[in-house]
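Visitor: Could you walk me through how to read domains and interfaces here?
Guide: Gladly; let us look together.
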Amino acid sequence: MFSILVLTIGAAWIWLSTAPMGSTTQGDIPAPQEGFLAPDFRLETFDREGYTLSELRGKPVLINFWASWCPPCRSEMPAIQKVYDEFQDQGFFVLAVNSTHQDNLGDAITFAQIRKLTFPILLDRDGSVGDLYEVRALPTTFFVDSQGIIQEVVVGGPMSEALLQIRVEQLMEQSP
Amino acid sequence: MFPIFQIGPVALQVPGLVLLAGLWIGLTLSERRARRRGENPGHLYNLVFIALIAGVIGARLSFAATYPSAFTTNPWSLVSLNPGLLDPLAGALIGAAAAAIYLFRKNLPLWSTLDALTPLFAVIGIAIGISHFASGSAFGAPTQVPWGIQLWGATRHPTQIYEIILATFTLIVIMLLDKTSWSLTPGNIFLSFISLSAVSRLFLEAYRGDSLLLYSGFRGAQVISWLVLATCFVLLGWHIQRNRLEKEIMK
């Protein structure tokens, strides 16, 4: 008798807690969390070329926060370059946001040149974009789909080549 | 939220640390229970570690089998520490299968062993709640209640706190039940824990902001919890009836 009562109350609670379809997805709210819209920002590269995230809508984007003094950041850069080389023709984009406010700009430029990084290295001079994305450790990577929704956040590193390749392939598959 | 604990240049992932602490505390509680009841705690340790090791290896191999090309070009990724390269469902199934083989080989009784492991499961439940709080995942729906917390661009139900409270309540109830005659029938403690956890999830899911919605807006986790609860009631009824019959035969 007790069990039937509990199950009946449970069934009623399920019915009372139904939500309109799509109401629990957070795609319209900008926040640095999986399932949310990637917060928009605009930053410039070493040579003053500006990039705005929202202008890349329609392309899958990998946003990587890094610094030249951070060993895991340095370790994973070649793997990021490799997936960028492989998928850039299909629309994949990489924004490597250098935490310039806690890095040496000269070291960052030298590192990018030595490693022959061809994707944009954006300079977060005052740390505002790092704060916007609530970056608490370097490297931190956001996988953003072509609709601008964050599909995964990877805190720490280095990311393995297999992980990068699989996640980027998944982003490409989701693109229209 | 506090996803990272920074010690100098080392950034430690708080959710992972909390889960490890939960495993240690839970195993200690299970071990004490086993000693009190004259059971061999060594079997519990072996069982848990065999299940964990088999689960992690199985999860990685299953993931690699799903994406073979990525691993053939990068074979070192097989031993990568990235948790993103795991297949959790396959890991859980393989871990459970390894535990079942150990149980069978050591001739351990299933229901009594599950009862012995219940304190571990209950503490892991609390640890999962704390790890959700640390990472900001399993977040609540937007609300205007005075105890709402500011998270991911809105004031939300603190569902991670609700989760910790419910899991702590479940652990306390289980510890109290374990001191009564209810615990004498093998399986009762474990099934009570699963029932309480299912009721907690059934209640809590209504306040989540990240529920998977099924047809007509029903929340998937609630439907599964309800089915688990119904199954537990059937099994508990069967246990009680069998126990009664055994007592009558003894008389």
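Guide: Let us begin inside one chain: 18 residues of domain 1 of chain B are in contact with 20 residues of domain 2 of chain B. Two residues are in contact if their C-beta atoms, placed from the backbone, lie within 7 Å. This is a predicted model, where local features need pLDDT of at least 70, side-chain atom pairs count only at pLDDT 80 or more, and totals for chains, interfaces and linings use all residues. Residues are numbered from 1 along each chain as its sequence is written, while chains are lettered from A and ligands numbered from 1 in the order in which they are written.

Visitor: Which helix gives the largest share of the side of domain 1 of chain B that touches domain 2 of chain B?
Guide: Helices (H or I, at least four residues) and strands (E, at least two) are DSSP runs, numbered from the N terminus. Here helix α5 (residues 110-135) of chain B leads with 14 residues.

Visitor: Where do the domains of chain B begin and end?
Guide: Such bounds come from an automatic or database domain assignment. In chain B, domain 1 spans 1-137 and domain 2 spans 139-251. Their centres, taken over C-alpha atoms, are 21 Å apart.

Visitor: How many residues of chain B are in contact with chain A?
Guide: On the chain B side there are 35, meeting 31 residues of chain A. α8(B) gives the most to that side of chain B, with six residues.

Visitor: What ipTM does the predictor give the complex?
Guide: The ipTM is 0.85, alongside a pTM of 0.88.
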